[in-house]
Amino acid sequence: MQNNSPAKKILIIEDEVFISELYTRALNRAGYQTDCIIDGVKALKKAQENNYDIILLDLMIPNLTGIEILRKLKDPNITPNFTSKIIVATNLEERDKVRKDIEQQADGYIVKAELTPSQLVDFIRTIQ
Amino acid sequence: MNDLKKLSRQFWIDNFITVSIIDIFIFSLFAITLSKKILPSHDLYLLVGIIILSSNMLISKFQIQSILMPFKTIWQIIVHLDSSTDLPMPKINQLKYGKDIVKNLNDQIAQLAGMTRAQNKDTLLQQANLKNNFIAKNLPLPFLASDKNENIIYANEAFAEYIGLADDDIIGKNLYGVLDMSFLTENTLDNWLKHARDNKVVASQNWERVKLSVNDNHPTHQFDLSAYYNRDNPEGIETILVLFDHSKQYSQDDQSIGFVALAVHELRTPLTLLRGYIEVLEEELKPSLNPQLLNFLDKMDATAQQLTAFINNILNVARVDDDQLELKLQKENWAEILESAINDIKLRAQVRGITIKYHIDPDLPLVGVDRISIYEVISNIIDNAIKYSGKSNVINIRSYLNQQNLVETSIEDHGLGINTNILPNLFSKYYRDHHNRAQIGGTGLGLYLSKAIVSAHGGNIWITSKINVGTTLYFTLIPYDNLSAEIKSNDLNQITKTAHGWIKNHSLYRR
């Protein structure tokens, strides 16, 4: 499914370890390489290295909110030459304000509670 | 008084003197003829006597009428000035007698009538001046009046207290600035007033469950609203609004569903995790499990799915009721959506020994749907069919273009059936068929939600049923190209609608 191209790299920023465990397993089985980070500040630093094809970003994480990470990554003054796709994953019933941020800046949006790991894999596959 | 003397003199000359002269003349003639015995018989004298008497009586009648004429005219004037009748003003100049006196009296009566009227008007004005009106001021209901420019010109104490503003922040201010209201439907105060101005002289209207956000210090008020419109109201009042507060009752309703929504929301993550781990188990264990254990695993998965569907229902009903359910109608291939939904759901049927058979006509037009919401509809309807299938083991699903060129989908079970007299109730919130409620679980939210979602898509939903034969549920969707141009103009590829709900009052504030 990844053909001959190098495996896509995914950064999972998630503080619920059961979820990252399930996502990691399903994505690895589907041929993706994954890294997991819980802490917001560390996650931002790691993401800014621009080593990932896709970033799965939870909104409720310690030290720095997902929305702030999203803004900082998508602001070329703060993070120049950033090319990773950001998929926001959350359980929050988004308030209008946050939803606007997500719609304007994120490359995709999933509600974690609505996707099982295999459905997540199906979703990730649709991202070019 | 001179007029009166003049009148009596004129009358005296005109009537009594002339009539008396005529009478004396006739009687003299009569006396002469009698003394000289000119007439041949006594009978003839008698006849002439009677004629003379009769003509005298006739003359008296005219005299009396002449005397009464000025009085009659005055009476007519009074009746005429009483505006409650439409008797015309009498023609004074045509009066033979008493022209001057009637004219004078007419002037005086008119003056008096004018004074009385002015006095009445003053009293009316006083009543209309609401600031001085005891009732308006002390009415224990919040109450306000606005003018043609939608500025508030009066608000009672109860109103000021209700919205927590001082008079200065209310009087003279724009109605919609002071009252930032949200209504359940598009029939907002603003829209109603516009319609009333164009079409009505007077109009009134009531609304239920109007929401009001005053400021941060005041929690949201909820009330029923009554409005009265009058184009020609005195004192420049065009609209009167009365607020009937139900904040406590309505917010309790909201809170109960709000609490459930919160609780249910917290169930979603663990449940998704559970489904994730079941998925892992299936993947890992499938080759090594015996058929019965595999079946148990399927049942675990189906049950977790069912719980997810239930939870989604409750959350979605809460969203529908609070207008948080936003639909993004996109151009979609209906066959693909329906098929993938059936594939997802079929495990739930399968573990109960039911097969879902479906036929989707090829070449259906693309439809304008919100994938996630319409999935809920399909899921709810199929779950219902599974629940009420009884001993039958097939559910038939068909999708086709109906006579109105709408994409119609039918889901048919061959189970218990429903009494026709309760069919109309099935789409009500919490409604459940009491014959079955003991045997079959459910919340009575599924069809309520389905209807809200299908309606928001512009479609229809209905049921036909026969006891012990089965039930068929139908719903229609509008082909994307037929969706109204108005909805599409918002966004070419994406149409946002809400299930039903709070619409900001004024077009300026409308989101």
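Which residue caps the N-terminal end of α9(B)? It is B:Asn290. A side-chain oxygen of B:Asn290 lies 3.0 Å from the backbone nitrogen of B:Gln292. Before I go on, a reminder: this is a predicted model.

Let me stay with that helix. α9 of chain B covers residues 291–321, which makes 31 residues. At 1.5 Å a residue, it should span 45 Å. The end C-alpha atoms are 44 Å apart, so the expected span and the model agree.

Now the two chains, starting with A. Chain A has 128 residues, and 48% of them are buried. There are five helices and five strands in chain A. From the N terminus, the order is β-α-β-α-β-α-β-α-β-α. Take the contacts in chain A between residues at least 6 apart in sequence: 62% of them join residues at least 24 apart. Chain A exposes about 6700 Å², with 49% of that supplied by carbon and sulfur atoms.

Chain B next. Chain B has 511 residues, 41% of them buried. Its secondary structure comes to 13 helices and 15 strands. For contacts in chain B between residues at least 6 apart, 64% join residues at least 24 apart. The exposed area of chain B is about 29000 Å², and carbon and sulfur atoms supply 57% of it.

One piece of that surface is worth showing. B:Trp12, B:Ile13, B:Phe16, B:Ile17 and B:Ile21 make a nonpolar surface patch of about 490 Å². B:Ile17 lies in helix α1 of chain B, residues 2–36. Its relative accessibility is 33%, so B:Ile17 counts as partly exposed. In general, an α-helix has 3.6 residues a turn, so residues three or four places apart point the same way.

On to charges. Side chains of opposite charge can pair when their charged atoms come close. Over all chains, the structure holds 13 salt bridges. I will take three.

First on my list, B:Glu283 with A:Arg25. Their closest N and O atoms are 2.9 Å apart. This pair crosses between chains: B:Glu283 is in helix α8 of chain B, residues 247–285, and A:Arg25 is in helix α1 of chain A, residues 17–29. B:Glu283 is partly exposed, at 36% relative accessibility. There is a network here too: salt bridges link A:Arg25, A:Arg29, B:Glu283 and B:Glu284.

Next, B:Glu150 with B:Arg197, a salt bridge at 3.3 Å, N to O. The pair links distant parts of the chain, 47 residues apart. B:Glu150 sits in the loop between β1 and β2 of chain B, while B:Arg197 sits in helix α7, residues 189–199. Buried or exposed, for B:Glu150? Buried, with a relative accessible area of 13%. B:Arg197 is partly exposed, at 25%.

Then B:Arg371 with B:Glu336, at 3.4 Å, N to O. B:Arg371 is in helix α11 of chain B and B:Glu336 is in helix α10, residues 334–350, so the salt bridge ties together parts 35 residues apart in sequence. Both ends are partly exposed: B:Arg371 at 36% relative accessibility, B:Glu336 with a relative accessible area of 44%.

Last stop, helix α11 of chain B, residues 371–387, which also holds B:Asp383. B:Asp383 is buried, with a relative accessible area of 13%. Which side chain does B:Asp383 join in a polar contact of 2.6 Å? That of B:Arg348. Leaving aside neighbours within four places in sequence, B:Asp383 is in contact with B:Ala309, B:Ile345 and B:Arg348.

Methods
Residues are numbered from 1 along each chain as its sequence is written. Chains are lettered from A and ligands numbered from 1 in the order in which they are written. This is a predicted model: local features need pLDDT of at least 70, side-chain atom pairs count only at pLDDT 80 or more; totals for chains, interfaces and linings use all residues. Side-chain values use heavy atoms; hydrogens and water are left out. Helices (H or I, at least four residues) and strands (E, at least two) are DSSP runs, numbered from the N terminus. Buried means under 20% relative accessible area, exposed over 50%, partly exposed in between (1.4 Å probe, protein chains only). Contact means heavy atoms within 4.5 Å. Accessible areas come from the Shrake-Rupley method with a 1.4 Å probe; for residues, only the protein chains shown count as cover. The expected span of a helix is 1.5 Å times one less than its number of residues. A polar contact is a pair of N or O atoms within 3.5 Å; within protein, one must be able to donate a hydrogen and the other to accept it, and residues adjacent in sequence count only if both atoms are side-chain atoms. Patches are made of residues with over 30% relative accessible area and no salt bridge: like charges are joined within 9 Å, nonpolar side chains (Val, Leu, Ile, Met, Phe, Trp, Tyr) within 5 Å. A salt bridge is a side-chain nitrogen of Lys or Arg within 4 Å of a carboxyl oxygen of Asp or Glu.
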